[in-house]
Amino acid sequence: MNRAKSKALFERAQQVIVGGVNSPARAFRAVGGDPPFIVQAKGARVTDADGNDYIDFVGSWGPAILGHTHPEVVAAVQRTMSEGLSFGAPTELEIELAEVIVKALPSIELLRLVSSGTEATMSAIRVARGFTGRELLVKFEGCYHGHADHLLVKAGSGAATFGEPDSGGVPAGTARTTLTLPYNDLAALEALFAAQGSEIATVIVEPVVGNMGCVPPARGFLERILQLCHDHGAVSIFDEVMTGFRLARGCAQGRFGLKPDLTTLGKVVGGGMPLAAYGGRRDIMSVIAPLGPVYQAGTLSGNPAAVQAGLTTLSLLDDELYDKLETLGGKLEEGLVAALADTGVTGCVQRVGSMITLFFAEGPVRNFADSAATDSDRFAAFHRSLLDGGVYWPPSKFEAAFLSGAHTDDDIEETVAVARAGLGKLS
Ligand code: KE4
């Protein structure tokens, strides 16, 4: 596949943008080769600068659950933008979106709109620390919650891709207030609470992990986190930036029938525009200015264009869409499992709804150590085969792939055929 124009653009980009990209994973360093520069996205496809079309499973890292440029979303955003891009003042539109989120998530009584998932998790953690008067933050290795200093301690996704679980520039003191446990390790969680439960401000967790590849929670794991937080006066945070409105209308918590104290949302909730949110129990959220002493603010928070993209996107997330995502996800999973078996390549496929990952390992992959141990070279070669075969797959073994409502049975069959050919080159 000829990507000469993308190659030239990448060389030009690297003169003025760090690494030529505005987010590290996009540089394709984990899989090799130069990243295609995308010029258009429509439905389940993206087109690069050289005119190559790809079936897209990155979906802008999650937001494109409807497929790209859904006509109703684009039209609604254009209408809203014609009235003003951003006022820095309250609008009725923000109330409408907040009411939709509160209706969908019984655990959220009060919320704040912000502009990125990082801002949502950073703010939720500050609120939990302000509410409890405690400092200790507990997270799980391989879970990624954005790039706030105290979260870049054994992060998954980007940092892990570079094999440097701790980021430069994070003060030692900051890292010391973050305790990291293995995901799905109940014994470690119980032991930590037994030893330091009274010092723990909050536990933040991806209810289904997407940042070490797709890793579901072990039976009882999430329930125990909520119970231990409750018993020890800590605040539980479900980071649903990736799973929110992706896994169900009620998010992962709705799928599992759970109610965390706080929830962070992003990606789908903004429909591809810079919008995220955090919210939860009224008593906890009431510590935020101007009601209380915990400060959080944002110039573009709740701006009309982004709110409209989110509002219109959420209005289109109906049972029919989730049923389709489940069916297509199942077909893709079955196809990849069959392709692994037919080619004799060691691998496993893990999926929850429309989040899916093919790991080059026997499996199951239950935590970051398992994910890190999967074969990186085979993943890189597989990714290159997919790309050259017209399939745009996340360029890191630590990322989940996403289906959308715009994908078709034919897309899945084509993807499985390309995957089978790529696996065949490995065996
Ligand atoms: P943003 O600041 O990137 O909007 O959100 C941070 C974040 C928080 N929580 C979870 C569970 C997330 O997955 C993310 C961001 N996800 C990555 C992809 N795994 C964004 C893509 C990127 O970093 O380029």
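## Exercises on a ligand site, a sheet and some unusual backbone spots

Sixteen residues surround the ligand, written as 16 in the counts here, and Ser-23, Thr-118, Asn-211, Asp-239 and Glu-399 come nearest (near means that a heavy atom of the residue lies within 4 Å of the molecule). The model is predicted, so to speak on paper: local features need pLDDT of at least 70, side-chain atom pairs count only at pLDDT 80 or more, and totals for chains, interfaces and linings use all residues. Residues are numbered from 1 along each chain as its sequence is written, and side-chain values use heavy atoms, with hydrogens and water left out.**Exercise 1. Find which atoms of Ser-23, Lys-267 and Tyr-144 make polar contacts with the ligand.**

*Solution.* A polar contact is a pair of N or O atoms within 3.5 Å; within protein, one must be able to donate a hydrogen and the other to accept it, and residues adjacent in sequence count only if both atoms are side-chain atoms.
- Step 1: the side chain of Ser-23 places an N or O atom 2.6 Å from a ligand oxygen.
- Step 2: Tyr-144 uses a backbone N or O atom, 3.4 Å from a ligand nitrogen.
- Step 3: Lys-267 has a side-chain N or O atom 3.0 Å from a nitrogen of the ligand.
- Step 4: the ligand taken alone exposes 530 Å², and the protein buries 86% of that (Shrake-Rupley method, 1.4 Å probe; for residues, only the protein chains shown count as cover).

**Exercise 2. Describe the shell around the ligand by residue class and by domain.**

*Solution.*
- Step 1: the shell has four nonpolar, eight polar and four charged residues (Ala, Val, Leu, Ile, Met, Phe, Trp, Tyr, Cys and Pro are nonpolar; Asp, Glu, Lys and Arg charged; the others, Gly among them, polar).
- Step 2: domain 1 (4-69 + 318-426) and domain 2 (71-315) each supply at least three shell residues, with bounds from an automatic or database domain assignment.

**Exercise 3. Work out the strand order and the edges of the seven-stranded open sheet.**

*Solution.* Helices (H or I, at least four residues) and strands (E, at least two) are DSSP runs numbered from the N terminus, and two strands pair if DSSP finds at least two bridges between them.
- Step 1: the order is 4-10-9-8-7-5-6, with mixed pairing.
- Step 2: strand 4 (110-114) and strand 6 (178-182) are the edges, each pairing on one side only.
- Step 3: strand 9 (residues 262-265) and strand 10 (residues 276-280) run antiparallel over four bridges, and Thr-263 stands opposite Gly-279 in strand 10.

**Exercise 4. Locate the cis peptide bonds at Pro-290 and Pro-364, and the positive phi of Ser-60.**

*Solution.* Most residues other than glycine have a negative phi, and most peptide bonds are trans.
- Step 1: Ala-289 to Pro-290 is cis, omega near 10°, and Pro-290 sits in the loop between helix 10 (282-285) and helix 11 (304-315).
- Step 2: Gly-363 and Pro-364 are joined by a cis bond with omega about -5°; the loop between strand 12 (355-359) and helix 13 (368-372) holds Pro-364.
- Step 3: Ser-60 has phi near 60°, in the loop between strand 3 (53-56) and helix 2 (71-81).
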